[in-house]
Amino acid sequence: MAGFTPAFPYTTPAELLIPTYSSEKGTQVKTFPAHGIRINVSFRSFGGTETNTNDVFTVINTATVETWYRPDIKADCRIKLTDGAIYEIIGAPENIELRNQFCKFKVRAIEGNP
């Protein structure tokens, strides 16, 4: 029985931005560092997701990311590419075959004021 093998090499450099939480006036505030932990990923975008809501056409840039498993990659983290684009992780990352070797997750672009 063959195990999982990556479809593409992990050659795209990225930074893993792990948030820190603080309490201000009774509410929890999440802040991200300017620079994070460098990781190599396989980043594949598919042109985004088109939606039409209330006669407003929008395109949400989404992508699929595969990388080596890290326990600190969680749903509240972000990925920053070398061109400065920042993506937030959608949902919980998948620990492929529960082997703590490979990780796969979807991301959505943060545009405007991150």
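These legends describe close-up views of a predicted model.

**View 1. Phe-4 and Phe-102 form an edge-to-face aromatic pair.**
The structure holds five aromatic pairs, and this is one of them. The ring centres of Phe-4 and Phe-102 lie 5.3 Å apart. Their planes meet at 65°, so the geometry is edge-to-face. The pair links distant parts of the chain, with the two positions 98 residues apart in numbering. Phe-4 sits in the segment before strand 1 (12–17). Phe-102 belongs to strand 10 (residues 102–109). Phe-4 is partly exposed, at 26% relative accessible area. Phe-102, at 6%, is buried. Both rings belong to one aromatic cluster, together with Tyr-10 and Trp-68.

**View 2. Phe-43 and Tyr-87 form an edge-to-face pair between strand 4 and strand 9.**
The centres of these two rings are 5.1 Å apart. Their planes stand at 65°, so this pair is edge-to-face. Phe-43 lies in strand 4 (residues 37–45). Tyr-87 lies in strand 9 (residues 86–95). The two residues are 44 residues apart, and their pairing links distant parts of the chain. Tyr-87 is buried, with a relative accessible area of 12%.

**View 3. Arg-108 and Glu-88 form a salt bridge between strand 10 and strand 9.**
The count of salt bridges comes to four. Here the closest N and O atoms are 2.8 Å apart. Arg-108 is in strand 10 and Glu-88 is in strand 9. The partners are 20 residues apart, and the bridge links distant parts of the chain. Arg-108 is partly exposed, with 33% relative accessibility. Glu-88 is partly exposed as well, at 25%.

**View 4. Arg-70 and Asp-72 meet in a salt bridge.**
The N to O distance between these side chains is 2.8 Å. Arg-70 has a relative accessible area of 26% and is partly exposed. Asp-72 is partly exposed, at 23%. Both residues are also in contact with Leu-16.

**View 5. Glu-97 and Arg-99 form a salt bridge.**
The closest N and O atoms of this pair are 3.5 Å apart. Glu-97 is partly exposed, with a relative accessible area of 45%. Arg-99 reaches 49%. Exposed residues lie over 50%, so Arg-99 counts as partly exposed.

**View 6. Strand 5 and strand 6 form a hairpin.**
Strand 5 spans residues 49–53, and strand 6 spans residues 56–60. They pair in the antiparallel sense over five bridges. Thr-53 stands opposite Val-56 in strand 6. Two residues lie between the strands. Asn-54, in the turn, has a positive phi of about 55°.

**View 7. The largest nonpolar core holds 16 residues.**
In soluble globular proteins, nonpolar side chains tend to be buried together. Seen by contacts within this core, Ala-14, Leu-16, Ile-39, Ile-79, Ile-89, Phe-105 and Val-107 touch the most other members. At least two core residues come from each of strand 1, strand 4, strand 7 (62–68), strand 8 (78–81), strand 9 and strand 10. Strand 10 supplies the largest share, four residues.

**View 8. Leu-16 has contacts outside its own stretch of sequence.**
Neighbours within four places in sequence are left aside here. Among the contacts of Leu-16 are Ile-39 and Ile-79. These two, like Leu-16, are among the core residues that touch the most other members. Further contacts include Gly-36, Ile-37, Ile-73, Cys-77 and Arg-78. Arg-70 and Asp-72, the salt-bridge partners of View 4, also touch Leu-16.

Technical notes
Residues are numbered from 1 along each chain as its sequence is written. This is a predicted model: local features need pLDDT of at least 70, side-chain atom pairs count only at pLDDT 80 or more; totals for chains, interfaces and linings use all residues. Side-chain values use heavy atoms; hydrogens and water are left out. Rings of Phe, Tyr and Trp (its six-membered ring) pair if their centres lie within 6.5 Å; planes under 30 degrees apart count as stacked, over 60 as edge-to-face and the rest as tilted. Buried means under 20% relative accessible area, exposed over 50%, partly exposed in between (1.4 Å probe, protein chains only). Two strands pair if DSSP finds at least two bridges between them. A nonpolar core is a set of buried Ala, Val, Leu, Ile, Met, Phe, Trp, Tyr and Cys residues joined through side-chain atoms within 4.5 Å. Contact means heavy atoms within 4.5 Å.
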